[in-house]
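Good morning, and thank you for joining. I would like to take you through one structure, and I ask that you keep the display in view while I speak.

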Amino acid sequence: MTDAVTLIRAKRDGYPLSDTDIRWLFEAYARGEVADEQMSALLMAIYFRGLDQAELRTWTAAMIASGDRLDLSAIEKPTVDKHSTGGVGDKVSLILAPLVAACGAAVPQLSGRGLGHTGGTLDKLESIPGFRAGLTPAETLAVLASAGCVICAAGPGLAPADRRLYALRDVTGTVESIPLIASSIMSKKIAEGTSALVLDVKVGTGAFMTSREQARQLARTMVALGEEHQVRTAALLTRMDTPLGRAVGNAVEVAESVQALQGHGPADLMEVTLALATRMLALAGLHADPDDPDDPDDPDDPDDPDDPDDPRADPAAAIADGRALAAYRAMVRAQGGDPDAPLPQAAHTTLLPAPASGWLTRLDALAVGTAAWRLGAGRARKEDAVSAAAGIICLAKPGERVQAGQPVLELRADEPERFGPALAALDGALAVSEQGPPPPVSPVLEYISPAW
């Protein structure tokens, strides 16, 4: 007879949990036979002892089985999604979903809200007047079928065990566990029913994973989980030491996303977005994998004249000819929003000047994200409200030359009393050097390929 205390002791002492143990645990927890205190103790044991691959596979499967799965079988196009581990100025989803949809895939993206210094995709989109993030499964499928993409909240029926476990991890200091992070992310993504998934694992001061090795381990763990659950999965590691793009907040990131879809996006934002789009299309079978020289369907293969590059599956072309912007507008309208409505504007602004003349060499992502949070763009607790208009505009980025006193950041807020705490968060966030410009670095660090 299995019981919670036996499982806690086993994991505490370093013994693996069997498939039967894990399935019993989740079923008993759902019935109220395992108390939150007992599950918290087990989570702490996992934090220290980990889960091996077999345990993690069954743990994730049990989380998926705790609720419903979205049935995408009626969608005629290949389905592919993307997940980011979160960063500062990371508005990629707003550009990427319609971009990939414009290239022939269907993108069912279940997203979340911001917490702390990282922004939430749904908070950004909800700054658009009328936009609805809370859709029923039927509404989600209808938007996906009509617009080719949907960005909405995960319904309460998808992996409900994850919601309960995350709440426990949040208050017991067990969030920073790679197997628990991986199972939390992947249970929801697998439950949403997509056939393929590309992960954007952020690395740096503004990311959840500050070291490249940690990020690589998380990425590989999630790629393996996806493959084990028949979801074609790959990952990119991308930099998050500096805010992505120039806007940090909610409405300001929507505005920058629209500019990007019009062909005027900042270079770093577009490099990450296009890299992810290319991987998504490759996994969806609509474009060759750029890292697979033996791919017989490689459209750039000079020895394959009968397989020319299809411009419909070219992300850069989809932006240039307006298809990506049209897909974005269709998605916004399908979810109740008005893509032509003015976005909220902050009542107050202030500027942070450069401390010296020279080359801007550092703009710390964590500091900028924390400042935006203090301006009202983020929340400390899940139930907190956020300001649609608050945020920060990066008037200069590392690699650019600045003069002493030149504005580097523009801070926006609804209440002027927020500027003091926000400016305090930015103390030491900038570094200026008289030396030559720092060498340019790509925001895309590494590709973690699928197992197949």
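I shall discuss the pockets, then one helix, and finally the cysteines. Please bear in mind throughout that this is a predicted model.

I begin with the largest pocket, which has a volume of about 1,600 Å³. Its lining comprises 49 residues, and those closest to the centre are His83, Gly112, Arg113, Tyr166 and Lys188. Which elements supply at least two residues each to this lining? They are the strands β1 (80-84) and β2 (107-111), together with the helices α6 (121-125), α8 (160-172) and α9 (178-191). Of the elements, α8 gives the most, with six residues. As to chemical class, the lining of the largest pocket holds 19 polar, 16 nonpolar and 14 charged residues.

The second largest pocket has a volume of about 680 Å³. There are 24 residues in its lining, and Thr242, Asp268, Lys397, Pro398 and Val441 are the closest to its centre. Here α12 (267-283) and β8 (358-363) each contribute at least two lining residues. By class, the lining of the second largest pocket divides into twelve nonpolar, eight charged and four polar residues.

Let me return to α9, one of the helices that line the largest pocket. Is this helix largely enclosed or largely open? Of its 14 residues, 13 are buried, so α9 is largely enclosed by the rest of the structure. Its length can also be checked. At 1.5 Å a residue, the 14 residues of α9 should span 20 Å, and the end C-alpha atoms are indeed 20 Å apart, so the two values agree. Just after this helix, Gly193 adopts a positive phi of about 90 degrees.

I turn lastly to the cysteines. How many disulfides does the structure hold? The number is zero. Two residues illustrate the point, given that a disulfide requires two cysteine sulfur atoms within 2.5 Å. For Cys103, the closest cysteine sulfur belongs to Cys149 and lies 11 Å away, which is too far for a bond. For Cys149, the closest cysteine sulfur is that of Cys152, at 11 Å, and this is again too far for a bond. Are these two residues buried or exposed? Cys103 is buried, with a relative accessible area of 5%, and Cys149 is buried as well, at 0%.

That concludes the presentation, and I welcome your comments.

Notes. Residues numbered from 1 in each chain as written. Predicted model: local features only at pLDDT ≥ 70, side-chain atom pairs only at ≥ 80, totals over all residues. Heavy atoms only, no water. 1 Å grid on protein atoms, 1.4 Å probe; cavity = no way out; pocket = protein on both sides within 12 Å on 5 of 7 lines; lining within 4 Å. Points joined across faces, edges and corners; volume = space filled by probe spheres on them. Helix = DSSP H or I, 4+ residues; strand = E, 2+ residues; numbered from the N terminus. Nonpolar A, V, L, I, M, F, W, Y, C, P; charged D, E, K, R; others polar. Expected span 1.5 Å × (residues − 1). Buried < 20%, exposed > 50% of the residue type's maximum accessible area, 1.4 Å probe, protein only.
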